[in-house]
Amino acid sequence: MGDFLLNINGAEHHLKASGDESLLSVLRNRLQLTGTKYGCGEGQCGACTVLIDGVATRSCQATLASTKGTRITTIEGMERNGVLSPVQQAFLDAGAFQCAYCTSGMILSAIALLKEHPHPTDEQIVESMDGNICRCGVYPRIVAAIKRASQLSMKGGADHAHG
Ligand code: FES
Ligand code: FES
């Protein structure tokens, strides 16, 4: 057990836990930030993706100890004052989900992609999102949503990310 101070979505959280505990477990089971989903638990599906210092990271594979001194962003940190981030809005507009279990991981991965490539090609989107699995298979709408998000961001919306 150790004492940890986490910066999540711009807020500080103190907690006592084992440094070996996964960040996903801490988010969901200790902080009730359940927008981040448990899929495979093995780094293979992307459902648990969060941003750590702006980098899309599988939270099931990140230990609590490894997050020391970082800034973590989860899906709960995307909306500001009732306004969705451009990527969230684009996913809604494009209807880029069915059951939505994969959606928060998709959105966080898309934000990291758009930071690196503000106007990605279809090929860049497919390549970058390859590690995020959607069991409902709405991939074409996810690609459309990311392209739409790139247009919305161009119109002046920030991505609202804290990391
Ligand atoms: S739950 Fe982390 S990658 Fe699947
Ligand atoms: S919308 Fe159901 S898993 Fe992607």
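User: What covers the buried residues of helix α1?

Analyst: The cover includes β1 (2–8), β2 (11–17), β3 (49–52) and β5 (71–73). Contact means heavy atoms within 4.5 Å. This is a predicted model: local features need pLDDT of at least 70, side-chain atom pairs count only at pLDDT 80 or more, and totals for chains, interfaces and linings use all residues. Residues are numbered from 1 along each chain as written, chains are lettered from A and ligands numbered from 1 in written order, and side-chain values use heavy atoms, without hydrogens or water.

User: Which residues of α1 are buried?

Analyst: In α1 (residues 23–30) they are Leu-23, Leu-24, Ser-25, Val-26 and Leu-27. Buried means under 20% relative accessible area, with exposed over 50% and partly exposed in between (1.4 Å probe, protein chains only). Helices are DSSP runs of H or I, at least four residues; strands are E, at least two. Just after α1, Gln-32 has a positive phi of about 55°.

User: What makes α2 oblique to α5?

Analyst: Helix α2 (residues 86–94) packs on helix α5 (residues 139–154) at about 135°, with axes 8 Å apart. Under 35 degrees is roughly parallel, over 145 roughly antiparallel, 65 to 115 roughly perpendicular, and the rest oblique. The angle fits none of the first three classes, so α2 is oblique to α5. The crossing is right-handed.

User: Which residues meet there?

Analyst: From α2, they include Val-87, Phe-91 and Ala-94; from α5, Ile-142, Ile-146 and Leu-152 are among them. The contact has 10 nonpolar, two polar and three charged residues.

User: Why are α3 and α5 oblique to each other?

Analyst: Their axes cross at roughly 45° and come within 11 Å. That angle is in none of the named parallel, antiparallel or perpendicular ranges, and α3 and α5 are therefore oblique. This crossing is right-handed. Met-106, Ala-110, Leu-113 and Leu-114 of α3 meet Tyr-139, Ile-142, Ile-146, Ala-149 and Ser-150 of α5. By class, eight are nonpolar, one is polar and none is charged.

User: Which residues touch the most other members of the largest nonpolar core?

Analyst: Of its 25 residues, Val-87, Phe-91, Met-106, Ile-142 and Ile-146 do. Such a core is a set of buried Ala, Val, Leu, Ile, Met, Phe, Trp, Tyr and Cys residues joined through side-chain atoms within 4.5 Å. α2, α3 (103–116) and α5 each give two or more residues. α3 gives the most, with eight. Leaving out residues up to four places away in sequence, Ile-142 touches Phe-91, Ala-96, Met-106 and Cys-134. A second, separate core has 15 residues, among them Ala-17, Val-26, Val-50 and Ala-62.

Methods
Axes are lines fitted to C-alpha atoms, for helices over the stretch in contact, and angles run from 0 to 180 degrees between N-to-C directions. A crossing is left-handed if the near helix is turned anticlockwise from the far one by less than a right angle, and right-handed if clockwise. Ala, Val, Leu, Ile, Met, Phe, Trp, Tyr, Cys and Pro count as nonpolar, Asp, Glu, Lys and Arg as charged, and the others, Gly among them, as polar.
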